[in-house]
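This briefing walks through one protein model for a reader who works with coordinates. The sequence and the structure are shown first, and the points that follow are grouped by topic.

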Amino acid sequence: DKEAARLSVRLPGRADPDELGVQVPEFNHGVVLADSQYIILDGLTIRHYGVGHDERDSYGIKVRRSSNCVVRNCVIYGVNYGIRYHDWPQPRNVDGYDNNTFERNDIYDVGPAGVSWQFYKATPPDFECATIQCQLGRGTVIRHNKLHGSFGGVKNGSLGDGNVHHPRLSGADMDVYGNEFYDLRDDGVEPDGSCNNVRIWHNAFYGVNQAISNCPNTMGPAYVVRNVFLGRPDMLVRPYSFLKFSAAEDSQGTTFVYHNTFFNARRSGEFTAALARSTDGRYFRLRNNVLVVRGVPDHTEIAQLLQREHHDFDYDLLYKDRVGEKENFDPFLQIAGANGKNMYLYDLQGMRSELGWEMHGVEADPQFVGGANPMSAADLHLTEGSPAVDAGLWIPNISDGWGGVRGAGPDMGAFEWPDE
């Protein structure tokens, strides 16, 4: 009540606010880096900022035309955006957002993961908050952070007003690696736009609606390498897919998807696909991945595509523990609208004969360390007898990293057996 200068609150469990400490923000932002160079923020705790009704006015750290800065070892929570590049109003000044590094931070919120995805999509776009939003400049590095409990994880793309064709408006030359993403209602990493030299590697995604949204990739290249996705029915957020994709009318960017492990066990009535299209996704090259879907036989697919051209799938292990028939809509692969009608394929042989895909692929249980019920990323390592061991393709500059191949050939998936 503004006139009475009175604030009414309702606390969890109807707790008495007179018996608790209640923090009310006085400022919109914890820290503002404006026109700055070579600033290091280390070991700060930033919490509970944002005094207005505008979602854009609640940041832990606001970055404006600043480059070569580092944010490390910080805890940021109780804000709509942990870290956000910001340059309003339009048109944006895209200079001065280069070569920033965000590392070893814990950034989270306490509410969005418990609210439905549909609720957020029904609100104004600015309410789709994120732990880090960095859609300007080039050379941003995001590594070894814990990003959780918010609506989105890393939003490093930019759509609209021609932004999808502008590298500096879509977070070009970016590395996102070694991070943990969990309890996120939307996407873990969202490089939507030009995807110009974006590298997403060695991350772990648990209980995330979709790990990576690549909608669209107009320029490329984008690299998705050695990531792990684990979905279980008992997680706070319902896991959906590993990679979502679409295309703008003239999309030409290629996404290279190498050595990832996807496992999703789902509940009855919930759709899931390792690869899921939003619209017409193009130019995907898959090699040496392990893609596993488990659950009741309805609406589970390894991949859902809109067209068959411009894709290249091979040397992947694909496995569904239950495959249905056409009557109950449970294919191995769906291509919507192929030749004027939907195409449903029910095994790896169908992909080979109809599409010429996965000629060296494997359809078998990968035999994870955690068996049929993995509880963590460690459970997604391979056992000695796994059909994924030594079954991959040697990929220059990819297979010769990560400690090197320790067998007759690269293993499929994110982990090489035997473990180091």
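How many disulfides does the structure hold? The structure, which is a predicted model, holds 0 disulfides. The protein chain has 2 helices and 30 strands, and buried residues make up 55% of its 420 residues. Among contacts in the protein chain between residues at least 6 apart in sequence, 72% join residues at least 24 apart.

**Cysteines**

- With a relative accessible area of 1%, C74 counts as buried because this value is under the 20% cut-off.
- C195 likewise falls in the buried class, as its relative accessible area is 0%.
- A disulfide would require a pair of cysteine sulfur atoms within 2.5 Å, and the structure holds 0 such pairs.

**Strand β14 and the contacts of D175**

- D175 lies in strand β14, and its relative accessible area of 15% places D175 among the buried residues because the cut-off is 20%.
- The side chain of D175 is joined to the side chain of W201 by a polar contact of 3.0 Å.
- When residues up to four places away in sequence are not counted, D175 touches T140, V141, I142, R199 and W201.

**N203, in the loop between β16 and β17**

- N203 is placed in the loop that runs between β16 (198-201) and β17, and at 2% relative accessibility N203 counts as buried.
- The side chain of N203 reaches the backbone oxygen of W201 at 3.1 Å, while the side chain of W201 also has the polar contact with the side chain of D175.
- Residues up to four places away in sequence again left out, N203 touches V176, Y177, G178, N179, F181, R226, N227 and V228.

**N156, in the loop between β13 and β14**

- N156 is found in the loop between β13 (152-155) and β14 (174-177), and with a relative accessible area of 0% N156 is buried.
- Although N156 and D192 are 36 residues apart along the chain, their C-alpha atoms are separated by 7.3 Å.

**Strand β20 and the surroundings of F242**

- F242 belongs to strand β20 (residues 241-245) and counts as buried at 1% relative accessibility.
- Which residues is F242 in contact with, leaving aside its neighbours within four places in sequence? They are A211, I212, V224, N227, F229, V257, N260, F262, A273 and A274.
- N227 appears in the contacts of F242 and is also touched by N203.
- The C-alpha atoms of F242 and L230, which are 12 residues apart along the chain, are separated by 9.1 Å.

**Cavities**

- A search of the whole structure finds 4 cavities of 30 Å³ or more, and the largest cavity has a volume of about 50 Å³.
- The lining of the largest cavity consists of L275, L286, L291, I302, A303, F313, D316, L318, F332, L333, M351 and E358.
- By class, the lining residues of the largest cavity divide into 10 nonpolar, no polar and 2 charged.

**Backbone geometry**

- Most residues other than glycine have a negative phi, and most peptide bonds are trans; the residues listed below are described against that background.
- G220 and P221 are joined by a cis peptide bond with omega of about -5°, and P221 is found in the loop between β17 (204-214) and β18 (222-225).
- W417 and P418 are also joined by a cis peptide bond, with omega of about -5°, and P418 has its place in the segment after α2 (348-355).
- N68, although not a glycine, has a positive phi of about 60°; N68 sits in the loop between β4 (59-64) and β5 (70-72), and its relative accessible area of 22% makes N68 partly exposed because this class begins where the buried one, under 20%, ends.
- N397, a residue other than glycine, has a positive phi near 70°; N397 is found in the segment after α2 and is exposed, with a relative accessible area of 69%.

How values were computed. Residues are numbered from 1 along each chain as its sequence is written. This is a predicted model: local features need pLDDT of at least 70, side-chain atom pairs count only at pLDDT 80 or more; totals for chains, interfaces and linings use all residues. Side-chain values use heavy atoms; hydrogens and water are left out. Buried means under 20% relative accessible area, exposed over 50%, partly exposed in between (1.4 Å probe, protein chains only). Helices (H or I, at least four residues) and strands (E, at least two) are DSSP runs, numbered from the N terminus. On a 1 Å grid over the protein atoms alone, a cavity is a set of points where a 1.4 Å probe fits but cannot get out, and a pocket is an open set with protein on both sides within 12 Å along at least five of seven lines; lining residues have an atom within 4 Å of a point. Grid points are joined across faces, edges and corners, and a volume is the space filled by probe spheres set on the points. Ala, Val, Leu, Ile, Met, Phe, Trp, Tyr, Cys and Pro count as nonpolar, Asp, Glu, Lys and Arg as charged, and the others, Gly among them, as polar. A polar contact is a pair of N or O atoms within 3.5 Å; within protein, one must be able to donate a hydrogen and the other to accept it, and residues adjacent in sequence count only if both atoms are side-chain atoms. Contact means heavy atoms within 4.5 Å.
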